[in-house]
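Trainee: Please give me a close reading of one part of this model, the ion pairs and the elements that carry them, and then place that part in its wider setting.

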Amino acid sequence: MAAGVATWMPFARAAAVGWLPLAQKTMPKPPVDKKSRSDEILFVNVSGLRFQTWKNTLDRYPDTLLGSSEKEFFYNEETQEYFFDRDPEMFRHILNFFRTGKLHYPRHECIQAFEEELAFYGIIPEIIGDCCMEEYRDRKKENQERLAEDTEAENAGDAPLPPDATLRERLWRAFENPHTSTMALVFYYVTGFFIAVSVIANVVETVPCRPIKGSIKDLPCGEKFSVAFSCLDTACVLIFSFEYLMRLYAAPSRCDFARSVMSVIDVVAILPFYIGLVMPENEEVSGAFVTLRVFRVFRIFKFSRHSQGLRILGCTLQACASELGFLLFSLTMAVIIFATVMFYAEKGTKGTTFSSIPASFWYTIVTMTTLGYGDMVPDSIAGKIFGSICSLSGVLVIALPVPVIVSNFARIYHQNQRADKMRAQQKVRQARIRMAKKGATNAFLQHKEDGGLQDGDGDSTPFCVKNRSAFEHQHHHLLHCLEKTTNHEFTDEVTYSEVCVTDSVGFRTSRSTSLSSQQGATTTCCSRRAKRRAFRLANSTVSVSRGSVQELDTLHVTKTPAGTQYPQSRSSLNARTEDLKLNCDDYTAAIISIPTPPANTPDESLPNSPAIPGILRNSRSSTFNTQDTVKISSL
Amino acid sequence: MVLEGMELIAITVVIGLFFVVFKQFGAWEPLTLDESSDCELELSTVRHQPEGLEQLQVQTQFTKKELQSLYRGFKNECPSGLVDEETFKNIYSQFFPQGDATTYAHFLFNAFDMDRNGSIRFEDFVIGLSVLLRGSETEKLRWAFNLYDINKDGYITKEEMLAIMTSIYDMMGRYTSPSVRDVDPSEHVDKFFQKMDRNRDGVVTIDEFIETCQKDENIMASMQLFENVI
């Protein structure tokens, strides 16, 4: 129901008394309203700005947030008001809608912010009043165009190709985006060069050259150097044909490609040559053949692949088709009218050039476009009067559609600019997102290394733990839970790729700082058969003694990535026992608990620990940190 | 100089353009003064202030708070303080989207507009509401009679009743079950007259009406229905 109808409801119900004497059946019972009927002032606090309004005002629109019981969710008992943590400036407009029944769009606000507010308060934007509707629609359309360009830019294919792209896809990619590979760029410039050469050759071959010895008449260069020019022409046509065929092959949809404008231009450019090959050396036909050479000039349109400005111009003309049509139509009308008038005005003059109405067309067009060649000139007074009116009106008729065309061009041009800006912004945004993701992962890995993953000992928090927000705590706990669930661990790219590369007895040097970890590689690294468990030992000591639980484990400790720095002292702080009790129900390998040497000597590497049955060790490297493959064979 | 056809036309055109140009220069101002006298200032619509709160309290049965609430709603909808018939019809039609409520709204408008000046002021509105919601049964019946009596001559004729009845049935619209036949209103009118018209003179007077209604229990009982509307 429209605005304010709720106000009139009591009146309409009261007027129903008029039906009572006429009623044929008994009237139904009225609905009982349990709420208190008296009107009261409600307080609405929006981010500190207090609004007051009658309850009835809000009740006018029961399907919005404020008009329904949904607002009770926001009621604050202590302050006896409704608190909304939203924009107070926007709320003003929302409340005005309730008061006056008309929604206005504030011009200085961002349209998306406004729509979000409307969505929050449950008001549909379609009820914007007529006064603001046009502005709202324009801005909304602009915004949508911008968003559409965003998605288009994303799909534009600047993203790297999947590695298993076929030759066809790669070729197509090279054609459409020449800046993706060097070969494509080279090809792009070569074709551009040959287009230019071909066009210039066409032009130059008509220039008069000095005549060959013995004759007086100037020859056009095309005839003097006919061999050279035909060779050039053939070469160009061959290149263009080759290019066209390659594009045709690479196109994902050949039908669409064949119908596109650019391919039509390509075909028209090379066709005259082939037709000329086919045609016999007939006298009559060669006349037609000569006119075919005119089509060679269409090669210049091939430049539109190379120039964005040309494409914009083409787009503009397409967009302004209706205005151009109007221009043409009005010009035609005016031409016919004025030509007729001039013809009859000049009929009496002797020896007049206005011999017929079609002959007067030429005069009219020349006059209306203010060219004024002067080859046809009226003599009589009437002719001169009408001629001057003709030229004045010509200016007006032509000037009218021009601003529309110009504004269309500006709009399309700006759109293109915007697309470029959007693409650049997208790149920055993606880079930032990637960095943020990496940062979060690194933070977690760091946290693990710092010994944050201890279960159960809440009181002995490691000193090295940086100040982390509650959010980070919870996030890391969540990731830890996931690790426990799947019994895999998070590592980073570097470690993973390295680990995959090495085989079972591989070893590598590591940085001296990352002492707390034992490095190694397992054979099961890349095989997905056995679950690979990577445990990061926060400290060099691995005290696992847990009663008689015999657990076999592949202690695979990941190597710290070269990029992250760990201060030397950290390892000493990690002198804690780590509980390595594991749930290994679904594990194929049994796990042995490893009794650790009681002395926590963080800087000593494990090789000195007593030989543990079943533990294979790698040969150490001579460097300080060795990696020991603490690989324990299954029992 | 003998003027030929085309030259005549040319000179006419030139003279016409001459006039146009002169008009731009304002040379014809004195001649056009009397035509421009009808472009008066558009007077803003009349604003009507209601009588004071105390007077209305005396005239109606509403409390002060109720009057305040009613006036706030009324003023919000009609800032000028007056409701004209068109607006009234629009508002009333919104309650009956399926049918055509304009005719009945017209009758209703006349019932509310007691001084017959073509617009309902707040006083008319509130006094009417007071009768309908807080008045005695006799007063309500009197109001209903006033509604049915289109020409306010004190008698309800069959034609008046038929008009009212048709307009009520019009509000139902087309999609009813069972569908409204053309004879339904007149049958209803006949039933009404059979009941109300005591002396079978073809018209119903106010006394007949009130007397008959007071004897009918159904009608009396239903009078209490709308008391809690405000």
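Mentor: The account below begins with the conventions, turns to the part requested, and ends with the contact between the chains.

Residues are numbered from 1 along each chain as its sequence is written, while chains are lettered from A and ligands numbered from 1 in the order in which they are written. The model is predicted, so local features need pLDDT of at least 70 and side-chain atom pairs count only at pLDDT 80 or more, whereas totals for chains, interfaces and linings use all residues; side-chain values use heavy atoms, with hydrogens and water left out.

The chain that holds most of what follows may be described briefly. Chain A contains 20 helices and eight strands; these elements are DSSP runs numbered from the N terminus, helices being H or I with at least four residues and strands E with at least two. Of its 635 residues, 38% count as buried, where buried means under 20% relative accessible area, exposed means over 50%, and partly exposed lies in between (1.4 Å probe, protein chains only). Among contacts in chain A with a separation of 6 or more, 65% join residues 24 or more positions apart; contact here means heavy atoms within 4.5 Å.

A search of the whole structure finds 22 salt bridges over all chains, a salt bridge being a side-chain nitrogen of Lys or Arg within 4 Å of a carboxyl oxygen of Asp or Glu. One of them joins Arg299(A) to Asp233(A), with the closest N and O atoms 3.1 Å apart. Its partners stand 66 residues apart: Asp233(A) belongs to helix H9 of chain A, and Arg299(A) to the loop between helix H12 (283–292) and helix H13 (308–319). Arg299(A) counts as buried because its relative accessibility is 1%, and Asp233(A) counts as buried because its value is 16%.

A second pair also uses the loop between H12 and H13 of chain A, which supplies Lys302(A), while Asp266(A) comes from helix H11 (residues 261–278), 36 residues away along the chain. The closest N and O atoms of Asp266(A) and Lys302(A) are 2.7 Å apart. Asp266(A) is buried because its relative accessibility is 2%, and Lys302(A) is buried because its relative accessible area is 3%. These two residues also belong to a network of salt bridges that links Glu243(A), Arg247(A), Asp266(A) and Lys302(A).

Helix H9 of chain A merits a further remark. Met246(A) lies in this helix, which covers residues 226–250. Its relative accessibility is 24%, which means that Met246(A) counts as partly exposed. Apart from neighbours within four places in sequence, Met246(A) is in contact with Leu171(A) and Phe175(A). The C-alpha atoms of Met246(A) and Phe175(A) are separated by 9.2 Å, although the two residues are 71 positions apart along the chain.

Chain B offers another salt bridge, in which the side chains of Arg181(B) and Glu187(B) meet at 3.5 Å, N to O. Arg181(B) counts as partly exposed because its relative accessibility is 46%, and Glu187(B) counts as partly exposed because its value is 37%.

The database record adds a further layer. An unreviewed UniProt entry lists "transmembrane region" for residues 183–204, 224–245, 257–279, 324–345, 351–373 and 385–406 of chain A; the positions follow the numbering used here, feature names are shortened, and such annotations may be inferred rather than shown by experiment. Residues 257–279 are 91% helix and 0% strand, with end C-alpha atoms 28 Å apart. For residues 351–373 of chain A, the figures are 52% helix, 0% strand and 19 Å. In chain B, the unreviewed UniProt entry gives the term for residues 6–22, a span that is 100% helix and 0% strand, with 24 Å between its end C-alpha atoms.

How many salt bridges are counted between chain B and chain A? The count is zero. The contact nevertheless takes 52 residues from chain B and 41 residues from chain A. The two chains bury about 3900 Å² between them, 74% of it on carbon and sulfur atoms; this is the accessible area (1.4 Å probe) that the two parts lose on being put together, summed over both. Met6(B), Phe95(B) and Phe226(B) supply 16% of the area that chain B buries against chain A, more than any other three residues. Helix H1 (residues 5–24) of chain B gives seven residues, the largest share of the side of chain B that touches chain A.
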